[in-house]
Amino acid sequence: IKTIGVLTSGGDAPGMNAAVRAVVRKALVNGKQVKGILKGYTGLLDEEIIDLSANDVSNTIERGGTMLFTSRCKEFMTEEGQKRGAEICRKHGIDGIVVIGGDGSFRGAQKLAALGINTIGVPGTIDLDISCTEYTIGFDTAVNTAMEAIDKVRDTSTSHERCSIIEVMGRNAGYIALWCGIANGAEDILLPENYDYDEQKIINNIIANRKRGKKHHIIVNAEGVGHSTSMARRIEAATGIETRATILGHMQRGGSPTCKDRVYASMMGAMAADLLCDGKTNRVVGYQHGRFQDFDIDEALAMVKGIDPYQYQVAKDLSKHC
Ligand code: ADP
């Protein structure tokens, strides 16, 4: 391997810059050249490729977003697009690529690996929904951002004795909702994985809590579970308690990464560069059982993980007033 390429793909996540910086600096330390591919697979197919020096990644570790930009690229889902991508890599002398993104991006990396370009995936998503790893870049920052926002909504909710539905990100995975549910002491948590979602139960819970003298009722709702605004209207009609929905939205994706995201993203980016330098391909970096490890991409994509039922039970129990 002489030249390593690096790209960020799919949804952006705070800490991606730390990972890019680590790939660049570690590859340079190992005597390789580094090229940045802009805008994910779209930029690869458009040949938006730049040289990266150690200086180019200065003052990036503390910045949110991704300095390489990101995209979703339909063309790369086709065999033709993937072949063209591999040819473009060869044309630019890129013999190894680090792909920072989620499961979808890893599938793209898998295709490039099959076409002879060495690839290593690094898990970057605020949703924590990558099965081979207990940590993904951006989750820690996103969940802290959401937690702080929920604290603020809760203050005003208490003053006005309101019920608040706060929608957090995680269309297919409720990790942000579950963690905030515990961290913010939410009265109810609605998860996409949640089998027992029952609006009548929530309404009964709100009424019972109000009778006990609770001044607010916080419902943390993962994006994709019902429709928060219309849910608020129905709950208000059924309980007679003023109910508002707050959708946190894209603010959860931005901001300066936490210490954990900077450090873990740095470790993962560095490991990805080292793996490429060792001649490895079709691997993905993960964090499991207290250490950074690498997995075969095919095996990693076949793994499954879900919400820990005990964690969910604890979240529910800690909000109960018996
Ligand atoms: P994430 O990486 O966050 O899961 P996406 O699922 O949107 O985000 O995937 C990002 C990009 O990865 C897609 O826009 C596409 O270019 C590429 N990709 C996704 N799935 C595949 C696939 N099966 N084969 C090739 N490329 C894929």
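This tour walks through a predicted model, one selection at a time.

**Stop 1: the sheet**

Start with the strands of the open sheet. There are seven, in the order β3-β2-β1-β4-β5-β10-β11, and the pairing is mixed. Select 49-51 and 291-296 to see the edges, β3 and β11, each of which pairs on one side only. Look along the sheet for the twist, which averages 25 degrees from one strand to the next.

**Stop 2: β4**

Select residues 96-101, strand β4. Are its residues buried or exposed? Six of the six are buried, so β4 is largely enclosed by the rest of the structure. Show the two faces in two colours. Gly 96, Val 98 and Ile 100 point one way. Ile 97, Val 99 and Gly 101 point the other way.

Now add the strands that pair with β4. β1 runs parallel to β4, with five bridges between them. Find Thr 8, whose bridge partner in β4 is Ile 100. β5 is also parallel to β4, and six bridges join the two. Here, pick Val 98 and its bridge partner in β5, Ile 120.

**Stop 3: the antiparallel pair**

Move to residues 283-288, strand β10. Six bridges join β10 to β11, and the two run antiparallel. Click on Val 285, then look opposite to Asp 294 in β11.

**Stop 4: the helix across the sheet**

Select 259-277, helix α9. Which strands does α9 lie across? They are β1, β4, β5, β10 and β11. Compare directions with β5: helix α9 runs at about 170 degrees to that strand.

**Stop 5: around the ligand**

Show the ligand and the 17 residues around it. Gly 10, Gly 102, Gly 104, Ser 105 and Gly 108 come nearest. Colour the shell by residue class: four are nonpolar, nine polar and four charged. Which helix gives the most to this shell? Select 103-114, helix α4, which contributes six residues.

Stay on α4 and pick Gly 104, which belongs to this helix. Gly 104 has 17 C-beta neighbours inside 10 Å, so it counts as partly exposed. For a sense of distance, draw a line from Gly 104 to Glu 187. The two are 83 residues apart in sequence and 34 Å apart in space, C-alpha to C-alpha.

**Stop 6: α6**

Select 175-183, helix α6. Seven of its nine residues are buried, so α6 is largely enclosed by the rest of the structure. The buried residues are Tyr 175, Ile 176, Ala 177, Leu 178, Trp 179, Cys 180 and Gly 181. What do they pack against? Add α5 (139-159), β6 (163-168), β7 (188-190), β8 (217-222) and α11 (309-318) to the view. After α6, stop at Gly 185, where phi is positive, near 60 degrees.

**Stop 7: α6 against α11**

Keep just α6 and α11 on screen. They pack at an angle of about 35 degrees, and their axes are 9 Å apart. The crossing is left-handed. From α6, show Leu 178, Gly 181 and Ile 182 as sticks. From α11, add Gln 311, Tyr 312, Ala 315 and Leu 318, which complete the contact. By class, the residues of this contact divide into five nonpolar, two polar and no charged.

Technical notes. Residues numbered from 1 in each chain as written. Predicted model: local features only at pLDDT ≥ 70, side-chain atom pairs only at ≥ 80, totals over all residues. Pairing = 2+ DSSP bridges. Helix = DSSP H or I, 4+ residues; strand = E, 2+ residues; numbered from the N terminus. Axes fitted to C-alpha atoms, helices over the stretch in contact; angles between N-to-C directions. Contact = placed C-beta atoms within 7 Å. Near = placed C-beta within 6 Å. Nonpolar A, V, L, I, M, F, W, Y, C, P; charged D, E, K, R; others polar. Buried ≥ 20, exposed ≤ 12 C-beta atoms within 10 Å, placed from the backbone. Left-handed = near helix turned anticlockwise from the far one by under 90°.
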